[in-house]
Amino acid sequence: MELHTLKPTFGSRKEKHRVGRGHAAGKGKQAGRGQSGQTKRSTVRLGFEGGQNPLFRRLPKRGFSNVNHIEYQIVNLYSLEEKYKANEIVSLESLLKHNLIKNTLPVKILGKGTLTKKLTVQIPAISESARKAIEKAGGKIEVK
């Protein structure tokens with residue numbers, strides 16, 4: 001047995017059926033697509049309903065989507081109070097370690113709850129109430 005003599009077992013490989021290649025090929029003339037018309041063509045536009053006004057045009061449009069909208073992961077002060085000890089640094093890595101966020105997408109700290117510990121916060125997005133509460137507790141905010 002040599003490498004150049006190897007062949008797949010008979011019947012294990014099957015050639016794909018080439019449609020639209022004449023009567024003798026078995027799928028000639030209409031190539032298995034039935035009679036003439038729009039459905040015989042290769043594509044029909046998405047949402048096309050045969051000329052009837054399509055659903056996406058019949059329904060009313062409301063509002064808009066802001067392309068510049070940033071979806072923040074929210075962390076509240078009561079979570080920081082619960083998970084952190086005094087004089088610790090609150091950063092993206094430490095929030096991940098404490099399971100307060102799922103990934104390193106933008107994070108914002110909000111002021112729900114109270115904070116009694118002195119913390120150093122290194123998160124760029126922080127609400128005004130959270131900023132006041134952290135500074136009142138003796139902490140620092142180092143925006144990167």
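Trainee: Where is the place of L6, set against helix 1?

Mentor: In this predicted model, L6 has its place in the segment before helix 1, a helix that covers 55-58.

Trainee: What makes M1, L3 and L6 a nonpolar patch on the surface?

Mentor: A residue qualifies for a patch with over 30% relative accessible area and no salt bridge, and nonpolar side chains are joined within 5 Å. M1, L3 and L6 form such a patch, and their accessible area together is about 450 Å².

Trainee: Why is V75 called buried or exposed?

Mentor: The value for V75 is 2% relative accessibility, and buried means under 20%, so V75 counts as buried. V75 is found in strand 1 and, once residues up to four places away in sequence are set aside, touches L80, L95, L100, I101, V107, K108, I109 and L110. The C-alpha atom of V75 is separated by 67 Å from that of M1, a residue 74 residues apart from V75 along the chain.

Trainee: How do you know that strand 1 and strand 3 pair, and in which sense?

Mentor: Pairing requires at least two bridges between the strands, whereas strand 1 and strand 3, the latter made of residues 107-110, are joined over four bridges in the parallel sense. In this pairing I74 stands opposite K108, and V75 stands opposite I109.

Trainee: What makes strand 3 and strand 5 a pair, and how many bridges join them?

Mentor: Two bridges join strand 3 to strand 5, and these strands run parallel; the criterion asks for at least two bridges, so the pair qualifies. One position of this pairing has K108 opposite A125 in strand 5.

Trainee: Why are strand 1 and strand 5 called edge strands?

Mentor: The open sheet has three strands in the order 1-3-5, with parallel pairing. Strand 1 (73-76) and strand 5 (125-126) each pair on one side only, and they are the edge strands. As background, strands of a sheet pair through backbone hydrogen bonds, either parallel or antiparallel.

Trainee: Which residues of strand 3 make up its covered face, and which the uncovered one?

Mentor: V107 and I109 make up the covered face of strand 3, while K108 and L110 make up the uncovered one.

Trainee: What makes I109 stand out in the largest nonpolar core?

Mentor: This core has 18 residues, and I109 is among those that touch the most other members, together with L80, V90 and L95. Helix 2 (77-83), strand 3 and helix 4 (128-136) are the elements that give two or more residues to the core. Leaving aside neighbours within four places in sequence, the contacts of I109 include V75, L77, L80, V90, V121 and I123.

Trainee: Why is S127 called buried or exposed?

Mentor: S127 has a relative accessible area of 14%, the cut-off for buried is under 20%, and S127 is therefore buried. This serine is found in the loop between strand 5 and helix 4, and beyond its sequence neighbours up to four places away, S127 touches K108, I109, L110 and G111. S127 and I109 are 18 residues apart in sequence, and their C-alpha atoms are 6.3 Å apart in space.

Trainee: How do you know whether S94 and T120 are buried or exposed?

Mentor: The same cut-off of under 20% applies: S94, at 11% relative accessibility, counts as buried, and T120, with a relative accessible area of 15%, is buried. S94 lies in helix 3 (residues 92-97) and, neighbours within four places aside, is in contact with Y84 and I89. T120 has its place in strand 4 (residues 120-121), and its contacts, on that same basis, are E88, I89, V90, K140 and E142.

Trainee: What makes the link between E142 and K140 a salt bridge?

Mentor: The closest N and O atoms of E142 and K140 are 3.8 Å apart, and the rule asks for a side-chain nitrogen of Lys or Arg within 4 Å of a carboxyl oxygen of Asp or Glu, so the link qualifies as a salt bridge. By this rule the count comes to two salt bridges; E49 and R58 also meet in one through their side chains, at 3.4 Å from N to O.

Trainee: Why are E49, R58 and E142 called buried, exposed or partly exposed?

Mentor: Partly exposed is the class between under 20% and over 50%. E49 at 32% relative accessibility belongs there, as does R58 with a relative accessible area of 42%, and E142 at 32% likewise counts as partly exposed.

Note on methods:
Residues are numbered from 1 along each chain as its sequence is written. This is a predicted model: local features need pLDDT of at least 70, side-chain atom pairs count only at pLDDT 80 or more; totals for chains, interfaces and linings use all residues. Side-chain values use heavy atoms; hydrogens and water are left out. A nonpolar core is a set of buried Ala, Val, Leu, Ile, Met, Phe, Trp, Tyr and Cys residues joined through side-chain atoms within 4.5 Å. Buried means under 20% relative accessible area, exposed over 50%, partly exposed in between (1.4 Å probe, protein chains only). Contact means heavy atoms within 4.5 Å. Patches are made of residues with over 30% relative accessible area and no salt bridge: like charges are joined within 9 Å, nonpolar side chains (Val, Leu, Ile, Met, Phe, Trp, Tyr) within 5 Å. Accessible areas come from the Shrake-Rupley method with a 1.4 Å probe; for residues, only the protein chains shown count as cover.
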